[in-house]
Amino acid sequence: MFKLYHQVSRLVNECMMDEGVSLARSKFLLLLECQGPQRSTDIACALGFAPRTVTEAIDGLERDKLVKRDPDPKDRRAKIVSITDMGRTVISAAQQPQHKTIEAIFAVLTEDQKQHMKEIIRCLSEKTEELQRERDKSADDAGVAPVRSLQAVS
C-alpha cells in the first residue's frame, strides 16, 4: 500500500510540476482556496507541518505571487495568508493533470473492483478514525494534547 502511495504521489507530482506547481505547494493553495484565509499557525496545524516549514513555504508562494499576507485585524503581530487570483489559476491548471493521471491509474480496474476497493477503503478509514479517537481519549485522560490527524484538503 505504501509503495503504491509513493508511486502515485511521485507520478502525480511530476504531472503537476509540468503545470508549475508541486503536490506539496498545491496542498497549501487548496487549503486556502477551500477554507479561506488562514494564519500560518492554522495552516501548520491543518497540514501537520512544523511552523517553520510553513513559513518557508509561504515565503516561496508569496514570492511567486500565489499567496499574499495581510495584517490580522485581531492580532497586529500576526498575518493572514490568502490565495491570490494567480494562485487560483495555477491550482486549477495543476488539478487537471492530477485528475487525469489518477483516472488513468484507476481505469485499469473494473467497476466491480472499484466498488470493492471503495468498501475496503471505507472500512479501513473507519477503523483508523476509531483508533485515532482512542489515542486522543488516552491523551486527554493523561493530560497530554493529542496530535491532530490531517484533514483531507482535496
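Biologist: How much area does the chain expose, and what share of it do carbon and sulfur atoms supply?

Modeller: The chain exposes about 11,000 Å², and 56% of that comes from carbon and sulfur atoms. Accessible areas come from the Shrake-Rupley method with a 1.4 Å probe; for residues, only the protein chains shown count as cover. This is a predicted model, in which local features need pLDDT of at least 70 and side-chain atom pairs count only at pLDDT 80 or more, while totals for chains, interfaces and linings use all residues. Residues are numbered from 1 along each chain as its sequence is written, and side-chain values use heavy atoms, with hydrogens and water left out.

Biologist: What percentage of the residues count as buried?

Modeller: Of the 154 residues of the chain, 28% are buried, that is, under 20% relative accessible area, with exposed meaning over 50% and partly exposed in between (1.4 Å probe, protein chains only).

Biologist: Which helices and strands follow one another along the sequence?

Modeller: The pattern reads α-α-β-α-α-β-β-α-α, giving six helices and three strands. Helices (H or I, at least four residues) and strands (E, at least two) are DSSP runs, numbered from the N terminus.

Biologist: What does the C-alpha trace span?

Modeller: Along its principal axes, the C-alpha trace spans about 55 × 50 × 20 Å.

Biologist: Changing topic, where is Ile120 found?

Modeller: Ile120 belongs to helix α6 (residues 111-141).

Biologist: Is Ile120 buried, partly exposed or exposed?

Modeller: Ile120 is partly exposed, because its relative accessible area is 39%.
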